[in-house]
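Here is a walk through one protein model, taken a piece at a time. Keep the sequence and the 3D view open as you read.

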Amino acid sequence: MGRSDNLMHIGVLTNHPISCNLLSALADENEIFKIALFNERNILHINLLETYDLDNEDVCVLGDDAWEECLFEWVDFHSFDIVWVISFPKKIPRRIYEKAAFGTLNFHFGRLPRYRGVDPIFWQIRNGEPSGALTVHQLDDNFDTGAVL
């Protein structure tokens with residue numbers, strides 16, 4: 001499927017307001033993005049629709065049942081150039097993370113591999129780290145083990 005625009009088409013998998021700054025930057029640059037998140041009553045969902053003038057078609061709301069198949073269909077339908085993952089509560093299967101033309105990147109809020117896994121900000125604070133880190137890495141079959149960019 002060819003595109004008539006030269007814009008990057010980005011899928012964002014998120015479930016936390018921490019992603020709002022990134023989404024604001026995408027909107028400021030007029031990039032084309034769609035968002036997938038869990039739970040339609042999620043306050044992030046309501047804010048996204050209002051703040052970025054998104055339509056319901058721009059936001060894929062996943063439920064606990066059959067979320068993986070819904071996410072696969074969403075990524076397949078939109079033919080994203082790249083998918084970004086920011087604080088997403090589920091492990092994304094290979095058949096989904098390999099769909100985007102340029103891959104799927106995770107924005108992990110801790111230095112890898114030391115702060116691999118959930119709640120890296122908590123563990124950095126608990127361990128008395130003088131500063132935090134943001135690691136961007138490719139998704140692979142394990143949690144937070146893909147190649148760091």
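Is Asp76 buried, partly exposed or exposed? Asp76 is partly exposed, because its relative accessible area is 38%, and buried would mean under 20%. Bear in mind that this is a predicted model.

Asp76 also has a charged partner. It forms a salt bridge with Lys99, with the closest N and O atoms 2.8 Å apart. Asp76 lies in helix H3, residues 67-78, and Lys99 in the loop between H4 and S5, so the pair ties together parts that are 23 residues apart in sequence. Lys99 is partly exposed too, with a relative accessible area of 36%.

Now widen the view to other charged pairs. How many salt bridges does a search of the whole structure find? The count is seven. One of them joins Lys34 to Asp58, and here the closest N and O atoms are 2.7 Å apart. Lys34 sits in strand S2 (residues 32-38), while Asp58 sits in the loop between helix H2 (43-51) and strand S3 (59-62), so this pair ties together parts that are 24 residues apart in sequence. Are these two residues buried or exposed? Both Lys34 and Asp58 are buried. Asp76 and Lys99, by contrast, are partly exposed.

Next come Arg94 and Glu98. Their side chains meet in a salt bridge of 3.0 Å, N to O. Arg94 is partly exposed, as its relative accessible area is 40%. Glu68, Glu69 and Arg95 go a step further: salt bridges link them in a network.

Turn to the strands. Strand S4 covers residues 82-86, and five of its five residues are buried. Which residues lie on each face of S4? Ile82, Trp84 and Ile86 are on one side, and Val83 and Val85 are on the other. Both faces are covered.

S4 has strand partners as well. Strand S1, residues 9-14, runs parallel to S4, and five bridges join the two. S4 is also joined to strand S5 (residues 104-108), again in parallel, by four bridges. Val85 is a good residue to follow here. Its bridge partner in S1 is Leu13. In S5, Val85 stands opposite Asn106.

Step past the end of S4. Ser87 is in the loop between S4 and helix H4 (94-97). Ser87 is partly exposed, because its relative accessible area is 33%. What does Ser87 touch, leaving aside neighbours within four places in sequence? Its contacts are Thr14, Asn15, His16 and Ile18. Asn142 is 55 residues from Ser87 in sequence, and the two C-alpha atoms are 16 Å apart in space.

Ile18, one of those contacts, leads to the surface. It lies in the loop between S1 and helix H1 (20-28). Ile18 counts as partly exposed because its relative accessibility is 33%. Together with Ile121 and Ile125, Ile18 makes a nonpolar surface patch of about 270 Å².

Now look at the stretch after S5. A cis peptide bond joins Leu112 and Pro113, with omega about 5 degrees. Pro113 belongs to the loop between S5 and helix H5 (120-126). Asp119 lies in that loop between S5 and H5 as well. Its phi is positive, about 55 degrees, although Asp119 is not a glycine. Asp119 counts as exposed, because its relative accessibility is 51% and the cut-off for exposed is over 50%.

Asp144 shows a similar backbone feature, with a positive phi near 55 degrees in a residue other than glycine. Asp144 is located in the segment after S6. Is Asp144 buried or exposed? It is buried, since its relative accessible area is 10%.

Finish at Thr135, in strand S6 (residues 135-138). Thr135 is buried, because its relative accessible area is 9%. A polar atom of its side chain lies 3.4 Å from the backbone nitrogen of Leu112. Beyond its neighbours within four places in sequence, Thr135 has contacts that include Asn106, Phe107, Arg111 and Val148. Asn106 brings us back to S4, for it is the residue in S5 that stands opposite Val85.

Methods
Residues are numbered from 1 along each chain as its sequence is written. This is a predicted model: local features need pLDDT of at least 70, side-chain atom pairs count only at pLDDT 80 or more; totals for chains, interfaces and linings use all residues. Side-chain values use heavy atoms; hydrogens and water are left out. Buried means under 20% relative accessible area, exposed over 50%, partly exposed in between (1.4 Å probe, protein chains only). Two strands pair if DSSP finds at least two bridges between them. Patches are made of residues with over 30% relative accessible area and no salt bridge: like charges are joined within 9 Å, nonpolar side chains (Val, Leu, Ile, Met, Phe, Trp, Tyr) within 5 Å. Accessible areas come from the Shrake-Rupley method with a 1.4 Å probe; for residues, only the protein chains shown count as cover. A salt bridge is a side-chain nitrogen of Lys or Arg within 4 Å of a carboxyl oxygen of Asp or Glu. A polar contact is a pair of N or O atoms within 3.5 Å; within protein, one must be able to donate a hydrogen and the other to accept it, and residues adjacent in sequence count only if both atoms are side-chain atoms. Contact means heavy atoms within 4.5 Å.
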